[in-house]
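This report covers helix packing, the sheet and a few single residues of one chain. The sequence and the structure are shown first.

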Amino acid sequence: MQPRLDVVIELFNQEKSFLDILIGHAAERPNAIAMIDPDRWDLTYAALLSCVERLCNRLAELGITEGKTVGADLPVAAELAVASIAISSSGAFAPLNSKIPVEEKLAYLEEIEAAALVVGEGSDRVLQARA
């Protein structure tokens, strides 16, 4: 499948956030495929927007406000894409390298003064407990 170059071009030619563009695409073509995760599922624009909005709402419930840095320890998959869109809409997105030791991840999170850490099923339980 070829990348959607119209979306990439749109990002560079407008002063809209990725979230704003996603909202527009979800309104115009809610059932069109927005993302393919070959190992698990396809996400429509409406489903992708729903996932992003749920994470945005959860971060807001936790008091994560605009300008805060949020780390993410997620596999390179749909979850990482959702987290990057949601977190970037209000703060700084800081993905963690899954190949580095937990102690280095914790040091990095402290260095960047992360306000929260988004984790997935595959995340290191020690990291989750200590972050």
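Helix 2 and helix 3 are oblique to each other, because their axes cross at roughly 140° and an angle counts as roughly antiparallel only over 145 degrees. Helix 2 covers residues 18-28, and its axis and that of helix 3 come within 8 Å. The crossing of this pair is left-handed. On the helix 2 side the contact involves Leu 19, Leu 22, Ile 23, His 25 and Ala 26, which meet Tyr 45, Ala 46, Leu 48, Leu 49 and Val 52 in helix 3. The model is a predicted one.

Helix 3, residues 45-61, also packs against helix 4, with the axes 9 Å apart and an angle of about 55°. This pair is therefore oblique as well, but helix 3 passes helix 4 in a right-handed crossing. Here Leu 48, Cys 51, Val 52, Leu 55, Cys 56 and Leu 59 of helix 3 meet Val 82, Ala 83, Ile 85, Ala 86 and Ile 87 of helix 4. Leu 48 and Val 52 are among the helix 3 residues that meet helix 4, and both are also among those that meet helix 2. The two packings are set out below.

| Helix pair | Angle | Axes | Crossing |
|---|---|---|---|
| Helix 2 and helix 3 | roughly 140° | within 8 Å | left-handed |
| Helix 3 and helix 4 | about 55° | 9 Å apart | right-handed |

The chain as a whole has 6 helices and 5 strands, arranged along the sequence in the pattern α-α-β-β-α-β-α-β-α-β-α. Of its 131 residues, 32% are buried. Taking contacts between residues at least 6 apart in sequence, 52% join residues at least 24 apart.

The open sheet is built from 3 strands in the order 4-3-5, with parallel pairing. Strand 4 and strand 5 stand at the edges with a single partner strand each, so one side of each has no neighbour in the sheet. From one strand to the next the twist averages 25°. Helix 4 packs on this sheet and touches strand 3, strand 4 and strand 5, while its direction makes about 150° with that of strand 4.

Strand 3 runs parallel to strand 4, residues 92-95, and 4 bridges join the two. Within this pairing, Ala 72 stands opposite Pro 95, and Gly 71 has Ala 94 as its bridge partner. The connection from strand 3 to strand 4 goes through helix 4, residues 78-88, and this β-α-β crossover is right-handed. Strand 3 also pairs with strand 5, residues 116-119, in the parallel sense over 4 bridges. Val 119 of strand 5 is the bridge partner of Asp 73.

Is strand 3 enclosed or left open by the rest of the structure? Strand 3 spans residues 69-73, and 5 of the 5 residues are buried, so the strand is largely enclosed. In a regular strand, side chains alternate between the two faces of the sheet. In strand 3, Thr 69, Gly 71 and Asp 73 point one way, whereas Val 70 and Ala 72 point the other way, and all are buried.

Gly 71, a residue of strand 3, is buried because its relative accessible area is 0%, and the cut-off for buried is under 20%. Leaving aside residues up to four places away in sequence, Gly 71 touches Ile 87, Ala 94, Leu 109, Ala 114, Ala 116, Leu 117 and Val 118. Gly 71 and Phe 93 lie 22 residues apart in sequence, and their C-alpha atoms are 6.2 Å apart in space.

The last residue considered is Glu 113, in the loop between helix 5 (102-111) and strand 5. Most residues other than glycine have a negative phi. Glu 113 is not a glycine, yet it has a positive phi of about 55°. Is Glu 113 buried or exposed? Its relative accessibility is 66%, so Glu 113 counts as exposed, the cut-off being over 50%.

Conventions: Residues are numbered from 1 along each chain as its sequence is written. This is a predicted model: local features need pLDDT of at least 70, side-chain atom pairs count only at pLDDT 80 or more; totals for chains, interfaces and linings use all residues. Side-chain values use heavy atoms; hydrogens and water are left out. Buried means under 20% relative accessible area, exposed over 50%, partly exposed in between (1.4 Å probe, protein chains only). Two strands pair if DSSP finds at least two bridges between them. A crossover is right-handed if, with the strands pointing away from the viewer, the path from the first strand over the helix to the second runs clockwise. Axes are lines fitted to C-alpha atoms, for helices over the stretch in contact, and angles run from 0 to 180 degrees between N-to-C directions. Angles under 35 degrees count as roughly parallel, over 145 as roughly antiparallel, 65 to 115 as roughly perpendicular and the rest as oblique. A crossing is left-handed if the near helix is turned anticlockwise from the far one by less than a right angle, and right-handed if clockwise. Contact means heavy atoms within 4.5 Å.
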